[in-house]
Amino acid sequence: MRTANVLVLLAVVLTCASATVISRGGRKIFGGRAVTVEAVTSPAVHAEGPHWQAPFLFYVDISSNSLQRLDTTSGNVTKWTIPPGDAAVTLAVPLEGAPGRILVTRGLELVEFDTESGQVVASFGFADQGKPGNRFNDGKADPAGRLWAGTMGPEDPGVGVTPGQGALYLLEQDGPSAKVSPVDISNGLAWNSAKSTMYYVDTGTGRVDAFDFNVTTAAIENRRTVIDFGAQNVSCTPDGMAIDAEDLLWVACWSGWKVLRVDPSQGQVVSEVSLPVQYTTSVAWGGDNLDDLYVSTSKRDLTPEQQQQQPDAGSVFRVSGLGVTGLPGQSVSRSNLVAKRNI
Ligand code: CA
């Protein structure tokens, strides 16, 4: 475990109108709304999976196989390498009613981690059997507290991810069951406030899709496209995702220096927030009023020169003053999980 004081590396106060571009540099006056974009952690390599549980923001660094926790009261960050420390940790979702117990992935396994002891205390099984080069990626609990977590194929630096090798799983009492397959790179998930629609990003498709969602049975059907980034000339690929209280989506825009607000009813980007780093990976709402947008970012694919130009790449950023509130992150209900074995 390592505890370090957080470095607040950037505090750019900008002003903007609602539903307009927020520039990443200088001070601009559009409509009088002050928006602050600030790095609130020191850089990880590939930060991902932010999840708010007051007063903490949990996230992972996939590249260092670690769970990290920002205490937004003190600004301290605590880091745990998930034992044995040799597998990618790609998501972190708290267990309901169990302080300090976090569901995380390690490689293709879903485990329960105890932040008090620093130990894995239970395993809930493996996914993608017979595909040892795969790994879990993004995941989230649905409004009924069931964990959905997706996988992706082998990743070859400089070449990319082998397509069509992953799946989106629902973790139920008898283990993972594939709900969407094949998948290229399973990423963002979100559910609307009526609990009737599930939004999903398979990054390989370049789209945000929607399904009709049955909150009682977890059935999904009627997959359709919400927005196709390529068709609309959106110059990035969709990654992690969150939803706000107006049922509009906030999508991390990988390689695009920004996050996007998407109106699913229109199938269009309605506004965007620029960041001083190229690779945004995911977003989550947090803060006492759920009006802060936390954005995880990456420096994994930057050259040394680019890292010098983007010294905050890999940090988690907080965007405040948007005038928008989010839906809270959902914890996983233990009633939906039975340990396959205790370790
Ligand atoms: Ca992701």
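The legends below describe three close-up views of a predicted model.

**View 1. An open sheet of 4 strands with antiparallel pairing.** The strands of this open sheet follow the order 9-10-11-12, and its edges are formed by strand 9 (92-94) and strand 12 (119-126), each of which pairs on one side only. Direction ignored, neighbouring strands of the sheet are turned against each other by 25 degrees on average. Strand 11 (residues 109-114) runs antiparallel to strand 12 and is joined to it by 5 bridges, and within this part of the sheet aspartate 114 stands opposite glutamine 119 of strand 12.

**View 2. The calcium ion and its protein donors.** The protein donors are Glu48 (OE), Asn187 (OD1) and Asp239 (OD), which lie 2.2 Å from the calcium ion, and along the chain these donors follow the spacing E-x138-N-x51-D. Because glutamate 48 belongs to strand 5 (residues 47-53) and aspartate 239 to strand 23 (residues 237-243), the pair ties together parts that are 191 residues apart in sequence. Glutamate 48 and aspartate 239 are both buried.

**View 3. Serine 255 in the loop between strand 24 and strand 25.** The loop that holds serine 255 lies between strand 24 (249-254) and strand 25 (258-263), and with a relative accessibility of 28% this serine counts as partly exposed. Leaving aside residues up to four places away in sequence, serine 255 touches Ser235, Cys236, Gln278 and Tyr279, and a polar contact of 3.2 Å joins the side chains of serine 255 and glutamine 278. Threonine 281, which is 26 residues apart from serine 255 in sequence, is 9.0 Å apart from it in space, C-alpha to C-alpha.

Technical notes. Residues are numbered from 1 along each chain as its sequence is written. This is a predicted model: local features need pLDDT of at least 70, side-chain atom pairs count only at pLDDT 80 or more; totals for chains, interfaces and linings use all residues. Side-chain values use heavy atoms; hydrogens and water are left out. Two strands pair if DSSP finds at least two bridges between them. Helices (H or I, at least four residues) and strands (E, at least two) are DSSP runs, numbered from the N terminus. Axes are lines fitted to C-alpha atoms, for helices over the stretch in contact, and angles run from 0 to 180 degrees between N-to-C directions. Donors are N, O and S atoms within 2.8 Å of the metal (3.2 Å for Na, K and Ca); water is not among the atoms, so sites may look incomplete. Buried means under 20% relative accessible area, exposed over 50%, partly exposed in between (1.4 Å probe, protein chains only). Contact means heavy atoms within 4.5 Å. A polar contact is a pair of N or O atoms within 3.5 Å; within protein, one must be able to donate a hydrogen and the other to accept it, and residues adjacent in sequence count only if both atoms are side-chain atoms.
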